[in-house]
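The following exercises are to be worked with the sequence and the structure at hand. Each task is followed by a solution in steps.

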Amino acid sequence: MKVQIGFEQVFSLFLFVFSVTYLIYQLLSYYPSYTGEMRRESIFSEAYQISEILVNDYGDPPNWYSLPLDQIKRIGLLNESIGKSNVLSLIKISKANEICNSNNLNYQKFKQLLDLKNDISFIVYLNNNVVASCTRPFGERVVKVNRIVAFDNGSYGELVIWLY
């Protein structure tokens, strides 16, 4: 028995194979930009969570700023004596700045206390003056989160966090 294939069937098969190949190529060309954007959104989400922890958490224990580094479980900048959210303690800010900037080991401990996988840089402004600055060289995937905060001395400022 002989099988005869017409021009229409060959053309239809070619058109189908070409369409499927083109569709796969288009999907693969969008994949790298999609995964890059997903990574950036994931880092942005983590940066916002860290800003929430710093601004609205006392830390563990709440008087962590007066303890040795090995007794601190978590860093938080919220003033425990006032009892309002978004009111940061200047003492805690200076202690966090001291921990972060003293040496590379303490920077790693600082990251561990915030449970970070990525590197962090933060700056705290009080009346347009820098109160604390913990900066590292910027990496490739930088996201920035700005928070307006109040301080326990009654003034306002800004907390800027970069995660990369």
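**Exercise 1. The sheet and its helices**

Determine how helix α1 is placed against the strands, and then establish the order and edges of the sheet.

*Solution.* Step 1. In this predicted model, helix α1, residues 7-56, lies across β3, β4, β6 (143-151) and β7 (156-163). The helix runs at about 15° to β6.

Step 2. The strands crossed by α1 belong to an open sheet of 5 strands, whose order is β3-β6-β7-β4-β5. The pairing in this sheet is mixed.

Step 3. The edges are formed by β3 (87-88) and β5 (129-134), each of which pairs on one side only.

Step 4. Strand β4, residues 120-126, pairs with β5 in the antiparallel sense over 5 bridges. Helix α2 (residues 90-102) also packs on the sheet, where it touches β3, β4, β5 and β6. The direction of α2 makes about 40° with that of β5.

**Exercise 2. Strand β4 and its partners**

Identify the bridge partners of Phe-122, Val-124 and Tyr-125, and decide whether β4 is enclosed or open to the surroundings.

*Solution.* Step 1. On one side, β4 and β7 pair in the antiparallel sense over 7 bridges. Within β7, Ile-161 is the bridge partner of Phe-122.

Step 2. Towards β5, Val-124 has Ala-132 as its bridge partner, and Tyr-125 has Val-130.

Step 3. The hairpin of β4 and β5 has 2 residues between the strands. Asn-127 in this hairpin takes a positive phi near 55°.

Step 4. A residue counts as buried when its relative accessible area is under 20%. Because 6 of the 7 residues of β4 are buried, the strand is largely enclosed by the rest of the structure.

**Exercise 3. The largest nonpolar core**

Find which residues of the largest nonpolar core touch the most other members, and which element gives the most residues to it.

*Solution.* Step 1. In soluble globular proteins, nonpolar side chains tend to be buried together. The largest nonpolar core here has 32 residues, of which Ile-75, Phe-110, Ile-120 and Phe-122 touch the most other members.

Step 2. Two or more residues each come from α1, α2, α3 (104-113), β4, β5, β6 and β7. The greatest contribution is that of α1, with 5 residues.

Step 3. Phe-110 may be taken as an example. Apart from its neighbours within four places in sequence, Phe-110 is in contact with Ile-75, Ala-96, Ile-99, Cys-100, Ile-120 and Phe-122.

**Exercise 4. The disulfide and Asn-97**

Locate the disulfide, state whether its cysteines are buried or exposed, and list the contacts of Asn-97.

*Solution.* Step 1. A search of the whole structure gives 1 disulfide. The bond joins Cys-100 to Cys-134, with an S to S distance of 1.5 Å.

Step 2. The two cysteines link distant parts of the chain: Cys-100 lies in helix α2 and Cys-134 in strand β5, 34 residues apart.

Step 3. Cys-100 has a relative accessible area of 0%, so this residue is buried. Cys-134, at 0% relative accessibility, is therefore buried as well.

Step 4. Asn-97 is also found in helix α2. With a relative accessible area of 18%, Asn-97 is buried. Leaving aside neighbours within four places in sequence, its contacts are Phe-122, Val-131, Ala-132, Ser-133 and Cys-134.

**Exercise 5. Aromatic pairs in helix α1**

Classify the pair Phe-7 and Phe-11 by its ring geometry, and then consider how exposed each residue is.

*Solution.* Step 1. The structure holds 5 aromatic pairs. Ring planes under 30 degrees apart count as stacked. The rings of Phe-7 and Phe-11 have planes at 20° and centres 6.2 Å apart, so this pair is stacked.

Step 2. Both residues lie in helix α1, where Phe-7 and Phe-11 are 4 residues apart, about one turn of the helix.

Step 3. Phe-7 is exposed, at 65% relative accessibility, and Phe-11 is partly exposed, at 45%.

Step 4. Phe-18 and Tyr-22 form another stacked pair, with 6.5 Å from centre to centre and 15° between the planes. These two residues are 4 residues apart in α1, so about one helical turn separates Phe-18 from Tyr-22. Tyr-22 is partly exposed, with a relative accessible area of 48%.

Step 5. Phe-14, Phe-18 and Tyr-22 together form one aromatic cluster.

Note on methods: Residues numbered from 1 in each chain as written. Predicted model: local features only at pLDDT ≥ 70, side-chain atom pairs only at ≥ 80, totals over all residues. Heavy atoms only, no water. Pairing = 2+ DSSP bridges. Contact = heavy atoms within 4.5 Å. Axes fitted to C-alpha atoms, helices over the stretch in contact; angles between N-to-C directions. Core = buried A, V, L, I, M, F, W, Y, C linked by side-chain atoms within 4.5 Å. Buried < 20%, exposed > 50% of the residue type's maximum accessible area, 1.4 Å probe, protein only. Disulfide = S-S within 2.5 Å. Phe/Tyr/Trp six-rings, centres within 6.5 Å; stacked < 30°, edge-to-face > 60°.
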